[in-house]
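Student: I have a structure to read and I am new to it. Can you take me through the reasoning behind the terms?

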Amino acid sequence: MATHTGGLTKTEGHATVRIENLVRSFGERRVLDGLDLSIAPGEFVALLGRSGSGKSTLLRALARLDHEVAGGGELTAPDHVSVVFQDARLLPWKRLLDNVVLGLDGPSARERGTAALAEVGLAGRERAWPVELSGGEQQRVSLARSLVREPQLLLADEPFGALDALTRIRMHALLRRLCERHRPAVLLVTHDVDEAIALADRVVVLDRGRIAADLPVDLPAPRRGGSAEYAALRGRLLARLGVDLVEEDNAA
Ligand SMILES: Nc1ncnc2c1ncn2[C@@H]1O[C@H](COP(=O)(O)OP(=O)(O)OP(=O)(O)O)[C@@H](O)[C@H]1O
């Protein structure tokens, strides 16, 4: 496990992610301003925040994709990190299995890739081309490509944001199943409060560069919108995001 301290690296850690006093700035603007966050092994955390609040900036810091960004603080993240983006980012000139195992070594790589494609519901499609797939299927391949690497940390930046509502519900169920089986720690960036509640063990809200709310999701599965507890949690999260449900109802 690598710890980055103001650009230095040292080894240590119990939590999968430990962030202390993280600062990231673009010019004069401090997007992350002394942010603290820990994620335990196997824990699923959803990250909400208004547009421009710095969610992707935090994710990029965790993925070590922000070397050119000014900042400081302590950030501990595991060596094995996978990232899933809103677009699947498959290589169009490679077949599905080749996309999944890209960069993997070892004699069992293709076998594991084939098993990963089966896990996401694409058994038998190893030789298909990305262009032959729907958007939802492409995201399934992207999940297979991430999980075949058995990451300790899965970072997901609005992975279902471009999908239709029905496909998104199926992808939620798939992601939950995959996470129960592989048990990575997860940080899921989303704009969707219901998606956060449906999937996460904990929901955190980013505001003015820091974690402004950190709420456990103690609701039984399947988490449906009907219960009073669900509505209360949803209301608290929306309030943290600056949406007052009573005011919105009165305005309608
Ligand atoms: N490379 C960059 N150069 C300059 N400013 C940047 C850069 N990347 C991000 N920013 C700024 O930092 C702020 C946070 O951006 P970020 O993408 O992290 O927000 P976000 O919460 O993920 O937003 P959204 O929900 O709209 O995707 C924004 O004001 C953005 O314009």
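Tutor: What follows is a set of short questions and answers on this predicted model.

Student: How do you know how confident the predictor is in the protein chain?

Tutor: Look at pLDDT, which runs from 0 to 100. The mean for the protein chain is 89, and 91% of its residues reach 70 or more. The model also scores ipTM 0.96 and pTM 0.89.

Student: Which elements have the lowest and the highest mean pLDDT?

Tutor: Strand β2, residues 8-11, has the lowest, at 35. Strand β9, residues 185-189, has the highest, at 97.

Student: What should make me careful with residues 1-12?

Tutor: Their pLDDT stays under 50. The model has 23 contacts beyond four places in sequence for residues 1-12. Where pLDDT is low, predicted coordinates should not be read in detail.

Student: What makes the protein chain count as compact or extended?

Tutor: Start with its make-up: eight helices and eleven strands. Then set the radius of gyration against the globule rule. The radius is 19 Å, and the rule gives 18 Å for 252 residues. The two are close, so the protein chain is as compact as a globular protein of that length. Along its principal axes, the C-alpha trace spans about 55 × 50 × 30 Å.

Student: How much of the protein chain is buried, and what share of its contacts join residues at least 24 apart?

Tutor: Of the 252 residues, 36% count as buried. Take the contacts between residues at least 6 apart in sequence: 69% of them join residues at least 24 apart.

Student: What makes a residue part of the shell around the ligand?

Tutor: Its C-beta atom must lie within 6 Å of the ligand. The residues that pass include Phe26, Val31, Lys55, Ser56 and Thr57. Helix α1, residues 55-62, gives the most to this shell, with three residues.

Student: How does the shell divide by residue type?

Tutor: Two of its residues are nonpolar, seven polar and one charged. Glycine counts as polar, and Gly49, Gly52 and Gly54 are among the residues around the ligand.

Student: Why is α1 called largely enclosed?

Tutor: Six of its eight residues are buried, so the rest of the structure largely encloses α1. The six are Lys55, Thr57, Leu58, Leu59, Ala61 and Leu62.

Student: Why is Arg64 called partly exposed?

Tutor: Buried needs 20 or more C-beta neighbours within 10 Å, and exposed needs 12 or fewer. Arg64 has 13, so it is partly exposed. Arg64 lies in the loop between α1 and β6. Its phi is near 60°, a positive value in a residue other than glycine.

Student: What about Arg208?

Tutor: Arg208 has 13 C-beta neighbours inside 10 Å, so it counts as partly exposed. Its place is in the loop between β10 and β11. Arg208 has a positive phi of about 50° although it is not a glycine.

Student: Why is Cys179 called buried?

Tutor: The cut-off is 20 or more neighbours. Cys179 has 20 inside 10 Å, so it counts as buried. Cys179 lies in helix α5, residues 165-182. Leaving aside neighbours within four places in sequence, Cys179 is in contact with Phe44, Pro184 and Val186.

Student: Where does the name "ABC transporter" come from?

Tutor: From UniProt. An unreviewed entry there annotates residues 17-233 as "domain: ABC transporter". Over residues 17-233, the chain is 31% helix and 29% strand. The end C-alpha atoms of that stretch are 25 Å apart.

Methods: Residues are numbered from 1 along each chain as its sequence is written. This is a predicted model: local features need pLDDT of at least 70, side-chain atom pairs count only at pLDDT 80 or more; totals for chains, interfaces and linings use all residues. Helices (H or I, at least four residues) and strands (E, at least two) are DSSP runs, numbered from the N terminus. The radius of gyration is taken over C-alpha atoms; the globule rule is 2.2 Å times the number of residues to the power 0.38. Two residues are in contact if their C-beta atoms, placed from the backbone, lie within 7 Å. pLDDT is the predictor's confidence in each residue, from 0 to 100. UniProt positions are given in the numbering used here, feature names are shortened, and annotations may be inferred rather than shown by experiment.
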